[in-house]
Amino acid sequence: MSSLEACPELRRRAQALYERLKREGEAAGYYLNPDVEFVLDLMEGLLANEERYGYWSCPCRLADGIREKDLDIICPCDYRDPDLDEYGACYCALYVSEEIARGEKEPQPVPERRGTDVGVGLVPTPGPSAAEHEEELVGPSTSSGHRFTRSGLPVWRCKVCGYLCARPQPPLKCPICKADRDRFERFA
Amino acid sequence: MSSLEACPELRRRAQALYERLKREGEAAGYYLNPDVEFVLDLMEGLLANEERYGYWSCPCRLADGIREKDLDIICPCDYRDPDLDEYGACYCALYVSEEIARGEKEPQPVPERRGTDVGVGLVPTPGPSAAEHEEELVGPSTSSGHRFTRSGLPVWRCKVCGYLCARPQPPLKCPICKADRDRFERFA
Amino acid sequence: MSSLEACPELRRRAQALYERLKREGEAAGYYLNPDVEFVLDLMEGLLANEERYGYWSCPCRLADGIREKDLDIICPCDYRDPDLDEYGACYCALYVSEEIARGEKEPQPVPERRGTDVGVGLVPTPGPSAAEHEEELVGPSTSSGHRFTRSGLPVWRCKVCGYLCARPQPPLKCPICKADRDRFERFA
């Protein structure tokens, strides 16, 4: 994919996108792969997919081309955070752990999580089956509220500012007050 | 309201406010009306109300002058998001849909929602009556928690970053990770 | 702690940190003490603790030196918001109310809240005992969800944008849309 000579305009846009993702990522506690050439190739892949499909389909996966079917693999994909937690990198190795970003560790291959899970990052609680899960997400609203989370995910609270989010694990940094992960508590 | 000659200082402040709202809006997935002169007039209205009342009372509505009574119409008003969803513009047409912002569509008149709803953007679920709704918002805290939402609003979760919010519809963009509306799921 | 002459490099870093915390604070509705020299001394304390312990342990409290044991006093500490609500300043008087920031009021001594509460800012609802509270935070996940909040804290909703957070009181400003505190409603 080395299109440095082939298309300097594409490389310029890839560079701009890299800088933007790096800046936004760092503000939110995410790190890009320290191999800049590798990341620029991924950026070109994202830009190519944007032109092809109209959205940033993952450059490392085969897209369907219908946004609705590719939603989970629009970058950043639904699998990034569980993969970072488990493997220290996303499937593409675009996003990596702080250790890998600092060059203290090498990224390892990340198995494809898509299509293999009942749900992304479902915690091992007595949760709904895949079919029930799907039904719940599209099902009618009820106000009985016997269960807080339909998706079975835990809710985390930042003890500094009160920010709430529902994820398998708390974020690396609170996106509101920048407190570190270990200042989150389980809320629900 | 054309005070361009009348008061260049006011126009300068209106311009600065316009730039700020445009920048903040775009970061959060909101678009200002593309008619800049029209928006500058609205900015002057906001600034006039700020001087008059001490807060940004909606420039298109009659303010009471007591903050407590005008809370719902402090810009951005409580009705902006439901109006954007239903009509593609807020009551003032300060905030518009992306289509209108791009000039691909003209804004339409937006009926006054204030005082006509049981609640803002209440979803058609078996919810509390207006009186019960009011009581719930001011009522004593209980930890029994049989119902998650007191206001009857659904809770949405960003599938990318886990952000939670309670609104009639998900936001156009996740304010945390900038994912688009269609990557939100119903959470509660 | 006046190290202006003693170490110009430390003072320069203190100044940079001050500017950063001021900027980030103001964006989120927090105000630093208007006494800049006082704040620069606190910044030096934070930087010294960072070198000593690896984290921003509160410059006004004795640190244990083990991050896990000092989590609640990493600046901003878990007590900042309840102290701002009750006394108009945090324990260090680094963060102060808007009135104090404007010089309209003097900061008052703030009693040490650490270790004296069952929980930070626990609202007086029939909540769990301290032991139960601890157990809940580390306990196994259940999806029965009979109670929304494990920590007994109320959940607040911004009526403008739908942001949700769990705190003793709503934030001074919505961190997402900058709406003022009085536009929050009790949500759960």
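**Exercise 1. Classify Pro34(A) by its accessible area and describe its surroundings.**

Solution. Pro34(A) has a relative accessible area of 43% and is therefore partly exposed, since that class lies between the cut-offs of 20% and 50%. The model is a predicted one. The next step is to locate the residue: Pro34(A) belongs to the loop that connects strand 1 (31–32) with helix 2 (36–53) of chain A. Its contacts, apart from neighbours within four places in sequence, are Val96(A), Ile100(A) and Ala101(A). Finally, a distance: 13 Å separates the C-alpha atom of Pro34(A) from that of Leu21(A), and the two residues are 13 positions apart along the chain.

**Exercise 2. State how many helices and strands chain A has, and in what order the elements run.**

Solution. Chain A contains six helices and five strands. Read from the N terminus, the order is α-β-α-α-α-β-α-α-β-β-β. Of the 188 residues in chain A, 52% are buried. The accessible surface of the chain is about 9000 Å², and carbon and sulfur atoms contribute 53% of it.

**Exercise 3. Determine whether Arg167(A) is buried or exposed, and identify its salt-bridge partner.**

Solution. Begin with position: Arg167(A) sits in the loop between strand 4 (164–166) and strand 5 (184–186) of chain A. Its relative accessible area is 5%, so Arg167(A) is buried, the cut-off being under 20%. Next, consider its partner: Arg167(A) forms a salt bridge with Asp81(A), with 2.6 Å between the closest N and O atoms. This pair connects distant parts of the chain, as Asp81(A) is in helix 4 (residues 80–87) of chain A, 86 residues apart from Arg167(A). Asp81(A) is buried as well as Arg167(A). Lastly, outside its sequence neighbourhood of four places, Arg167(A) touches residues of two chains, including Tyr30(A) and Trp156(A) in chain A and Arg157(B), Cys161(B) and Gly162(B) in chain B.

**Exercise 4. For the salt bridges Glu44(B)–Arg11(B) and Asp180(B)–Lys173(B), establish the class of accessibility of each residue.**

Solution. Take first Glu44(B) and Arg11(B), whose side chains form a salt bridge at 2.7 Å, N to O. Glu44(B) lies in helix 2 (residues 36–53) of chain B and Arg11(B) in helix 1 (residues 8–27) of chain B, 33 residues apart. Glu44(B) is buried because its relative accessible area is 3%; Arg11(B), at 8%, also counts as buried. Turn now to Asp180(B) and Lys173(B), which meet in a salt bridge at 3.4 Å, N to O. Asp180(B) has 31% relative accessibility and is thus partly exposed, and Lys173(B), at 24%, is partly exposed too.

**Exercise 5. Explain why strand 4 and strand 5 of chain B each have one side without a neighbour in the sheet.**

Solution. The sheet of chain B is open and consists of three strands in the order 4-3-5, with antiparallel pairing. Strand 4 (164–166) and strand 5 (184–186) of chain B stand at the edges with a single partner strand each, so one side of each lacks a neighbour in the sheet. From one strand to the next, the twist averages 30 degrees. Strand 3 (residues 155–158) of chain B is joined to strand 4 of chain B by three bridges, and Arg157(B) lies opposite Leu164(B).

**Exercise 6. Describe the two faces of strand 3 of chain C and the strands it is joined to.**

Solution. Both faces of strand 3 (residues 155–158) of chain C are covered: Val155(C) and Arg157(C) are buried on one side, Trp156(C) and Cys158(C) on the other. Three bridges connect strand 3 of chain C with the antiparallel strand 4 (residues 164–166) of chain C, where Leu164(C) is the bridge partner of Arg157(C). Three bridges also join strand 3 of chain C to the antiparallel strand 5 (residues 184–186) of chain C; there, Trp156(C) has Arg186(C) as its bridge partner.

Definitions and conventions:
Residues numbered from 1 in each chain as written. Chains lettered and ligands numbered in written order. Predicted model: local features only at pLDDT ≥ 70, side-chain atom pairs only at ≥ 80, totals over all residues. Heavy atoms only, no water. Helix = DSSP H or I, 4+ residues; strand = E, 2+ residues; numbered from the N terminus. Buried < 20%, exposed > 50% of the residue type's maximum accessible area, 1.4 Å probe, protein only. Areas by Shrake-Rupley, 256 points an atom, 1.4 Å probe, with all protein chains shown as cover. Contact = heavy atoms within 4.5 Å. Pairing = 2+ DSSP bridges. Axes fitted to C-alpha atoms, helices over the stretch in contact; angles between N-to-C directions. Salt bridge = Lys/Arg side-chain N within 4 Å of Asp/Glu carboxyl O.
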